[in-house]
Amino acid sequence: MRRLSPFLALALLLATVLTANAPALALAWDGEMEPLAQYRSYCQTYGDRDPGCAVGLGGKVGTPVGMDRVDAGRATLGMAVLVHRQVVDDLIYREDKQDRWEILGTPGRGMAGDCDDVVMTSISRLLRRGFPRAALRATIVRLPGNGGHHLILSVRRQAEQGVEEIYLDDRHHQPMRPEQLAAEGYVFVAQEVPGHRTWRRAQSQPALMMAERGDG
């Protein structure tokens, strides 16, 4: 599959995110939850290279997570879109029997994986490009119908009214606002808080008591 050029990524950004006509959706987070076992296992494996992993989960002591947002420039978000789509395009889809979250492309691991691997690999590549870890957040959603749970990536950026979150999803070629995903039937469940041991739970959503795998 042909990779998106930076110019095409920005064109998609202008055509979708900046012209969204769905009513704005203000997500509310009203509680904490224990991270999934998959995330804890991920941090035990990659905690020495991912500053988002809290010390209690396997992260390094004193590793900074940086600012919790990126600037509002179109080029910054365009780079995030480009990197995410490159990961998706490189992916050889494989549903993990044990549902391990991995950074694809590391020695011995190749590029076979699913949605959670796309998110964590995108975070890794964006960190190398100078993005602050606190602005990049793995987010659990429930898919429409009986689609199960799914992992997408939040990119937090500065906006006139404060901080806004734009979502990168391997099921969409363009960046999505929360109201756009909600209009499709996505339900937000929980989100990582980089550097913290617990995740935050979306308002009125129960904590996941056990791992539920979507189809990536």
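## A cavity, a sheet and a helix

Let's start with an empty spot: the second largest cavity has a volume of about 40 Å³. Before going on, note that this is a predicted model, where local features need pLDDT of at least 70 and side-chain atom pairs count only at pLDDT 80 or more, while totals for chains, interfaces and linings use all residues. Residues are numbered from 1 along each chain as its sequence is written, and side-chain values use heavy atoms, with hydrogens and water left out.

What counts as a cavity here? On a 1 Å grid over the protein atoms alone, it is a set of points where a 1.4 Å probe fits but cannot get out, and lining residues have an atom within 4 Å of a point. Grid points are joined across faces, edges and corners, and the volume is the space filled by probe spheres set on the points. By this rule there are two cavities of 30 Å³ or more.

Around the second largest cavity you'll find V81, H84, R85, L168, D169, H172, H173, Q174 and P175. Helix α3 (residues 74–90) gives the most to this lining, with three residues. By type, the lining splits into three nonpolar, four polar and two charged residues. For that split, Ala, Val, Leu, Ile, Met, Phe, Trp, Tyr, Cys and Pro count as nonpolar, Asp, Glu, Lys and Arg as charged, and the others, Gly among them, as polar.

Now zoom out. The protein chain has five helices and eight strands; these are DSSP runs (helices H or I, at least four residues; strands E, at least two), numbered from the N terminus. In order from that end, the elements go α-β-α-α-β-β-α-β-β-β-α-β-β. Of the 216 residues, 54% count as buried, meaning under 20% relative accessible area with a 1.4 Å probe, protein chains only. Take contacts (heavy atoms within 4.5 Å) between residues at least 6 apart in sequence: 62% of them join residues at least 24 apart.

How are the strands of the open sheet ordered? Six of them line up as β1-β8-β7-β4-β5-β6, with antiparallel pairing; two strands pair if DSSP finds at least two bridges between them. β1 (29–33) and β6 (162–168) are the edge strands, each with a single partner, so one side of each has no neighbour in the sheet. On average, neighbouring strands are turned by 35° against each other, direction ignored.

Follow β4 through the sheet. Six of its seven residues are buried, so to speak a mostly covered strand. Seven antiparallel bridges join β4 to β5, and four join β4 to strand β7 (residues 187–191), also antiparallel. V141 shows both sides of this: it stands opposite H150 in β5, and its bridge partner in β7 is F188. β4 and β5 form a hairpin with six residues between them, and G145 in the turn has a positive phi of about 65°.

One step further along, β5 (residues 149–159) is joined to β6 by seven bridges, again antiparallel, with Q158 opposite V163 in β6. Helix α4 (residues 115–128) packs on the sheet, touching β4 (136–142) and β5, and its direction makes about 30° with that of β5. Axes are lines fitted to C-alpha atoms, for helices over the stretch in contact, and angles run from 0 to 180 degrees between N-to-C directions.

Finally, look at C115 in helix α4. C115 counts as buried because its relative accessibility is 6%. C115 and I152 are 37 residues apart in sequence, yet 7.3 Å apart in space, C-alpha to C-alpha.

Definitions and conventions
1 Å grid on protein atoms, 1.4 Å probe; cavity = no way out; pocket = protein on both sides within 12 Å on 5 of 7 lines; lining within 4 Å. Buried < 20%, exposed > 50% of the residue type's maximum accessible area, 1.4 Å probe, protein only.
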